[in-house]
Amino acid sequence: MKITVLGIGYVGLVAGTCLAELGNDVICADIDKKKIFQLNNNIMPIYEPGLEEMVKRNKKEKRISFTTDLDYAVKSSEVIFIAVGTPPGKDHRADLSFVKAVAKTIGKNLNGYKVIVDKSTVPVGTADEVERIIKETSKGGNFDVVSNPEFLREGSAINDFLIPDRVVIGSKTEKARKIMESIYRGITRADKPILFCDIRSAEMIKYASNAMLTTRISFMNEIARLCEKVGADVKIVSKGMGLDNRIGPRFLQAGVGYGGSCFPKDVQALAMTMEDNGVNSKILKAVEEVNKEQKASLLPKIKKLVPALKGKTIAIWGLAYKPKTDDMREAPSITVINQLQKEGAKINAFDPEAEEQAKKILKNINYFTNPIDTLKGCDCLVIVTEWNEFRDIDKNKIKQNLKSPNIIDGRNIYEPKEMKELGFNYIGVGR
Ligand code: NAD
């Protein structure tokens, strides 16, 4: 099948590459000239495990191409995926200007029947708006708009796309439904179904799913606060809860709060959609508030071990909002580092992938190329992102290199008992 993907960000690049891997002819189009130049020269604009090899292979086999010529890209394919960003607008509603812009481009270039696939995360009702814009700009034409939200996670995006828990497709017509089914045939298995539904329900499934995941995170962070007060261990509490089949173990880890390009903005956008429809979003407001507090909760812990931060040096392990990505959007590390700098502390930092992205956001940081060197002369180590390489690192080396044996573990990757026996002043989350 000939497929065009408009918007080659995290989702567009992964989706386009995976669709090419499945044997489709894919044109990836973006207005960002630098990004397209990079991709045409085998330079990946993002870090995602396995992506580079897959892009190179599909380029070599001529199944994928990259262009800034959106008109040509739209005209060339029968199926057009919209994967542009939907960042938070000033009022916390999703900013749909990029979606609307590509809808116009599609309308202008409608040269025969096309399925327009909304893959961007968009508020309920957006597919109707996309349909309206295309109708208006194309002056009549043959097309269907479907909603096909994306559930991939950064860091395991390729796997998530190729072996998804579910594929959701909201469609009004049988014709579009059949085309979508044939695109995903290579991916879905009997136990991992395609859920076909109406368009508005598909749009809602995406937001409601992210809202549920963030609710679990904030819920556990609140439980962690109580665990700290009453002497319980949130890691054991979440394990005990997760053994209940009705609850399950995922997304029950207390930590430094959620970040990233999706959770924060999607919770806010859903809350605004509720407000617009006269539904009071008490839960979502609380989820967000707890998360904000959680991101700020490491500073008081650091101050317990290093009361006067002025002139002190703090080592930060992990800057990306989660491991296996270089994405810094809404990363908890930004909150912690800003707080520390305000208190007059100096920052040494290490992240295996995110340094380049971090440099665009954070100032006056001493970056290091390995975790141990980061610790030299530091008064405290703060673990913000749980990269695997921190888990089994030689703890004696940590102790030898730190000026004082202080550790704040924002992700509970170490065991408090072991750390205390090794002579660390150690504080985790909810333990
Ligand atoms: P991104 O910001 O990484 O990329 C968006 C891309 O769209 C950019 O490259 C930008 O240049 C391009 N673009 C903007 N206007 C354009 C236009 N008129 N024509 C062509 N290209 C244009 O965004 P992302 O993280 O890939 O997210 C895309 C959508 O997918 C969002 O709605 C997001 O909420 C959703 N989503 C993201 C993830 C994730 O993990 N990042 C997961 C699921 C869903």
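**Ligand shell and domain contacts in a predicted model**

Author: In this predicted model, a polar side-chain atom of Lys 265 lies 2.6 Å from an oxygen atom of the ligand.

Reader: What makes the pair between Lys 265 and the ligand a polar contact?

Author: A polar contact requires N or O atoms within 3.5 Å. The distance for Lys 265 is 2.6 Å, so the pair qualifies. Thr 86 also meets the cut-off, since an N or O atom of its side chain is 2.5 Å from a ligand oxygen. For Ser 261, the side chain places an N or O atom 3.2 Å from a nitrogen atom of the ligand, which is likewise within 3.5 Å.

Reader: How much of the ligand does the protein bury?

Author: The ligand taken alone exposes 840 Å², and the protein buries 89% of that. The shell comprises 26 residues, with Val 11 and Asp 30 among the closest. By class, 11 are nonpolar, seven polar and eight charged. Helices α1 (10–21) and α5 (97–108) each give two or more residues to this shell.

Reader: Why is the ligand said to lie between domain 1 and domain 2?

Author: Domain 1 (2–197) and domain 2 (206–294) both give residues to the shell, and therefore the ligand lies between them.

Reader: How do you know that domain 1 and domain 2 touch each other?

Author: Contact means heavy atoms within 4.5 Å, and 17 residues of domain 1 are in contact with 12 residues of domain 2. The area buried between these domains is about 1200 Å², with 54% given by carbon and sulfur atoms. His 92, Arg 93 and Thr 121 supply 42% of the area that domain 1 buries against domain 2.

Notes: Residues numbered from 1 in each chain as written. Predicted model: local features only at pLDDT ≥ 70, side-chain atom pairs only at ≥ 80, totals over all residues. Heavy atoms only, no water. Near = heavy atom within 4 Å. Polar contact = N/O pair within 3.5 Å; in protein donor to acceptor, adjacent residues only side chain to side chain. Areas by Shrake-Rupley, 256 points an atom, 1.4 Å probe, with all protein chains shown as cover. Helix = DSSP H or I, 4+ residues; strand = E, 2+ residues; numbered from the N terminus. Nonpolar A, V, L, I, M, F, W, Y, C, P; charged D, E, K, R; others polar. Domains from an automatic or database assignment. Buried area = accessible area lost by both parts, 1.4 Å probe.
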